[in-house]
Amino acid sequence: MGLTVKDIIQLPIMETAKVKTGKSVLHEKEVDWISVIETPVENFVRSNEFVLSTGIGCEDDPLLLEEFTRDVIQSGASVLAFATGRYIYDIPDRIIQLAEQKDLILIDLPWEVRFGDILQVVLEEISQEKKAERQQAEEIRQELITFVLNGKGLQEISNYLYKNTKIPIAISDHNKRIRANHDVDPHLLDVFNGKVDGQVQQIPQTDIQFSEHPLYHHIEEFVIDQQTCYQLTILSNQKKQGYLIFKPDDRHQLTWLVMNILEHALTACALYFLQENAIEMTEIRLKDNFLLDLAKNDTEITKQTMSKGQLLGYDLTKSYICMVGEISFTETNQKLKETDRSAGSSLHSRNYYIQKEINQAGELLSRSTMTTFEDGEVIVYLEADHHPYMEASNQFLDMVERRLNDLLAGIEISWGIAIHKDGHYSFHKSYQEAKTALDIGKQQYGKGERTFFSDTRINRLLMSLSHDPDISAIVKDTLEKLIEYDKKRQTDLIHTFIVYNKYNSNVSQTARALNLHRQSLLHRLRNIEHLTGLSLVDSDDLFLLELSVRLWMLKKLE
């Protein structure tokens, strides 16, 4: 409670003053300012103001004096003090009755008491009171910051705020998850955050008593199932960190001091969330670096490595299936692709959703998962068991992709999947195999497909053959003119042949797949025969051309 009317009435300067109305509320009415006002009032008086007046201009017009009094009441002033003896000799009964009805404290001041003396004394009292409030607010600010720096949580912060404001307070994070609550009805919070059904209506800002405080314009007022509560957004670098929800009994509890305390509470909560995010990011970086080291370096799995993994929540003693995915987006999600360029952090919006769905799918299947990201690539280790690894992988990825397609429109992930024959402690080898399967799958089938390492035997055999100098010479001799023609004319005859071969030399199906007119396709096929000197209807020539194309593509892949 700040400076009250009772405190002012007890000052020596007010010894001869007579309180005409409101004696019962002298200790309740606060005084934030004092001023001298004559008619008209207009907007020169604010709430909780001590108004001094001589009544000049109203001395011969009781109705005008009544209108003046009504305007002061309407402004929310605490006191109206008339200096009687010159313009007003006695305060009319109708003015006294009006003040009594409207709970306005009405004071009769002798004309001899100078307004200047009253102003000086009262302003000194107000200044002292404000100084005490500022000191109290500063002590609370320091205590709140100390809470955060000493590792105390949001619940301790909300408890401390309640202790100093007597207002029920709850704190939620940016996902509207309640992280702390002191005396706010949990059902009301559930309705407010949309967890249960109920009526929530936002109220436009109105001219209430704390309207001059800078924080006022950031307050949101809500009526939730006929209960009023307020919300402030916790911001840091213009990013939402959470929300401060408070429920005073009435607006009069939101004094200037309380508003200052709430402002300091926002700073403390923002600092807490920043600290929490920094810890989370550090943990994620440690996990990312640990898994990337396991996958990309052929290091021995020692007891120390397993202990480090255990500290990060990973059990390296299990056998794992390795899945390497390449993330891409169709044009429908180009905006997300452009705004989410960095894939190195698992906290990034895209990676966050992917990791969340991977973890959830693992939990549903009761399998451990380990996930990391690097340069648009996601590496997943899924716990293996007695079930065939292809069946387990497909079941897991079906669950992940079903949800991701709903959450991130236009996402495409190409997968390479492998489980090394050695089983345990083969993280690097299984990653290499999965990566090989991914590269071969993209080359052979395009984006968005799953390729198992065990299904790439023919391609790996061809890779081995491609290193033979004589075979390389045959491939070069067969395709050289075709490759030069494609580069010079900006055509893609090799791709045309691949599709033609895929559809078993069926011209109609190939033309539809390439979106070409039949005659245009036949013209391309004649060009292929002319440039290679091979016939597409001769089985030996067709085999040689197919083998050469596949070896050339695998060489490019390497």
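# Helix crossings and nonpolar cores: worked exercises

α15 passes α16 in a right-handed crossing. The model is predicted.

**Exercise 1.** Find which residues make the contact of α15 with α16, and sort them by class.

*Solution.*
- Step 1. On the α15 side, take H495, T496, V499 and Y500.
- Step 2. On the α16 side, take V507, T510, A513 and L514.
- Step 3. Sort them: 5 are nonpolar, 3 are polar and none is charged.

**Exercise 2.** Describe how the axes of α15 and α16 are set relative to each other.

*Solution.*
- Step 1. Two packed helices are described by the angle between their axes and the distance between the axes.
- Step 2. Locate the helices: α15 covers residues 493–502, and α16 covers residues 507–514.
- Step 3. Their axes come within 9 Å and cross at roughly 130°.
- Step 4. Angles over 145 degrees count as roughly antiparallel, and 65 to 115 as roughly perpendicular; the value here falls in neither range, so α15 and α16 are oblique to each other.

**Exercise 3.** Repeat the analysis for α4 and α5.

*Solution.*
- Step 1. The axes of α4 and α5 come within 10 Å and cross at roughly 165°.
- Step 2. The cut-off is 145 degrees, so α4 is roughly antiparallel to α5.
- Step 3. The crossing of α4 and α5 is right-handed.
- Step 4. From α4, the contact draws on E139, I140, E143, L144, F147 and V148. From α5, it draws on E156, I157, Y160, L161 and N164.
- Step 5. By class, the α4 contact with α5 has 7 nonpolar, 1 polar and 3 charged residues.

**Exercise 4.** Trace which elements build the largest nonpolar core.

*Solution.*
- Step 1. This core has 34 residues. Those with the most contacts inside it are I157, I171, L244, F246 and L262.
- Step 2. Elements giving two or more residues to this core are α4 (115–149), α5 (154–165), β6 (169–173), β10 (227–236), β11 (239–246) and α7 (256–296).
- Step 3. The largest share, 12 residues, comes from α7.
- Step 4. Look around L244. Leaving aside neighbours within four places in sequence, L244 is in contact with residues including L161, I169, I171, L232, L262 and C269.
- Step 5. Apart from this core lies another, of 28 residues, among them V475, L479, L531 and L534.

**Exercise 5.** Place P214 and decide: is P214 buried or exposed?

*Solution.*
- Step 1. P214 sits in the loop between β8 (200–203) and β9 (220–224).
- Step 2. Its relative accessible area is 54%, and the cut-off for exposed is over 50%, so P214 is exposed.
- Step 3. P214 and N260 are 46 residues apart in sequence. In space they are 9.4 Å apart, C-alpha to C-alpha.

Methods
Residues are numbered from 1 along each chain as its sequence is written. This is a predicted model: local features need pLDDT of at least 70, side-chain atom pairs count only at pLDDT 80 or more; totals for chains, interfaces and linings use all residues. Side-chain values use heavy atoms; hydrogens and water are left out. Axes are lines fitted to C-alpha atoms, for helices over the stretch in contact, and angles run from 0 to 180 degrees between N-to-C directions. Helices (H or I, at least four residues) and strands (E, at least two) are DSSP runs, numbered from the N terminus. Angles under 35 degrees count as roughly parallel, over 145 as roughly antiparallel, 65 to 115 as roughly perpendicular and the rest as oblique. A crossing is left-handed if the near helix is turned anticlockwise from the far one by less than a right angle, and right-handed if clockwise. Contact means heavy atoms within 4.5 Å. Ala, Val, Leu, Ile, Met, Phe, Trp, Tyr, Cys and Pro count as nonpolar, Asp, Glu, Lys and Arg as charged, and the others, Gly among them, as polar. A nonpolar core is a set of buried Ala, Val, Leu, Ile, Met, Phe, Trp, Tyr and Cys residues joined through side-chain atoms within 4.5 Å. Buried means under 20% relative accessible area, exposed over 50%, partly exposed in between (1.4 Å probe, protein chains only).
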